Amino acid sequence: MTDKNPRRAPTPVGDVVPGDPPVPITVWPVPAPQEGETLSNAMGVRLVHNLTHPSDLIIDLAVGPQLARAVIAAHRRSHLHAPRQVGWGREAATLIVTGWPLDAASPVEFFVRCRASLVPGGCVAVLLPHDDVTLPVDVIIAAKRAGLAYLQHIVAVDRPPRRGQRAQLDIHTDVLILTRSASETGGTDG
């Protein structure tokens, strides 16, 4: 049956930034994290559901219980650790979620460890406060040196953009999605 009043598809929200290949930018309307925490409950749910499948292993290096709640609700498995704790387990994970900046380890050493703890095609989600525009570049450079590829950039906003209104987005968090290549051709380039 044909609709006599067809509705247009929503205007896509997003952009592409240069990369090899170009990296998509996605906008997620989710609440900001509480003071001293890495992510909100809604952000945890979106990360778990968008980047994992049931029975996938997730390594939680975030501050706060939000990711743990999302992991339990989605029936995933997790290594729930205090940030940067030694010994993430022997089994490779599909997703590692971490805040930034790091406390002790150098960024390249941290990403080398993340790469070693991921299955091929697995992802590291790095959550950055949106107050320093150079920080994402520093993270991407360190990740690349460790053999991880820049896959996607997600910006988390307090309120979604509204159709027909031009307004600046109230961005509170940048999420960089880095991946371990499934082809295993990546390596370190000191």
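This is a tour of a predicted model, given as a series of selections with a note on what each one shows.

**Whole chain**

Start with the whole chain in cartoon view. There are 4 helices and 8 strands, and read from the N terminus their order is β-β-α-β-α-β-β-α-β-α-β-β. The chain has 190 residues, 39% of which count as buried. If the view is switched to a surface, the accessible area is about 11000 Å², with carbon and sulfur atoms contributing 54% of that area. Take the contacts between residues at least 6 apart in sequence: 65% of these join residues at least 24 apart.

**Glu37 and the loop before H1**

Select Glu37, in the loop between strand S2 (23-29) and H1. At 27% relative accessibility, Glu37 is partly exposed. Next add Gly64, which is 27 residues from Glu37 in sequence, while the C-alpha atoms of the two are 5.3 Å apart. Leaving aside residues up to four places away in sequence, Glu37 touches Val63, Gly64, Pro65 and Gln66. Gln66 will come up again as one of the buried residues of helix H2.

**Helix H1 and Ser55**

Move on to helix H1, residues 41-51, and show the side chains of its buried residues: Met43, Gly44, Leu47 and Val48. Their arc around the axis is only 125°, so they lie on the same side of H1. The general background is that an α-helix has 3.6 residues a turn, so residues three or four places apart point the same way.

Beyond the helix, select Ser55, in the loop between H1 and strand S3 (57-61). What is the sign of phi at Ser55? Phi is positive there, near 75°, in a residue other than glycine. Most residues other than glycine have a negative phi. Ser55 is partly exposed, with a relative accessible area of 48%.

**Helix H2 and His75**

Select residues 66-73 for helix H2, where the buried residues are Gln66, Leu67, Ala68, Ala70 and Val71. Following H2 comes His75, another place to check the backbone: its phi is positive, near 60°.

**The aromatic cluster around H3**

Now select Trp100, Phe110 and Phe111, which form one aromatic cluster. The structure holds 3 aromatic pairs. One of them is Trp100 with Phe110, an edge-to-face pair with 6.3 Å between the centres and 65° between the planes. Trp100 sits in the loop between strand S5 (93-99) and helix H3 (107-116), and Phe110 belongs to helix H3, 10 residues away. Are the two residues of this pair buried or exposed? Trp100 is buried, with a relative accessible area of 10%, and Phe110 is also buried, at 4%.

**The cysteines**

Stay in this region and select Cys114 and then Cys123. Cys114 is buried, with a relative accessible area of 0%. Cys123 is buried too, at 7%. How many disulfides does the structure hold? The count is 0.

**Helix H4 and Gly147**

Select helix H4, residues 135-145. Its buried residues are Leu135, Pro136, Val139, Ile140, Ala142 and Ala143. They span an arc of only 165° around the axis, which puts them on the same side of H4. To see what covers these residues, add H3, S6, S7 and S8, which are among the covering elements. Gly147 follows H4 and has a positive phi, near 95°.

**Strand S8 and its partners**

End with strand S8, residues 171-180. Of its 10 residues, 9 are buried, so S8 is largely enclosed by the rest of the structure.

Show the backbone of S8 together with strand S6 (residues 118-129): the two run antiparallel and are joined by 7 bridges. To find a point of register, select Leu128, which stands opposite Asp174 in S8.

Then replace S6 with strand S7 (residues 148-157), which pairs with S8 in the antiparallel sense over 9 bridges. Which residue of S8 is the bridge partner of Leu148? The partner is Arg180. Finally, bring H4 back into view: S6, S7 and S8 are included in what covers its buried residues.

Methods
Residues numbered from 1 in each chain as written. Predicted model: local features only at pLDDT ≥ 70, side-chain atom pairs only at ≥ 80, totals over all residues. Heavy atoms only, no water. Buried < 20%, exposed > 50% of the residue type's maximum accessible area, 1.4 Å probe, protein only. Contact = heavy atoms within 4.5 Å. Areas by Shrake-Rupley, 256 points an atom, 1.4 Å probe, with all protein chains shown as cover. Arc of directions from axis to C-beta. Phe/Tyr/Trp six-rings, centres within 6.5 Å; stacked < 30°, edge-to-face > 60°. Disulfide = S-S within 2.5 Å. Pairing = 2+ DSSP bridges.
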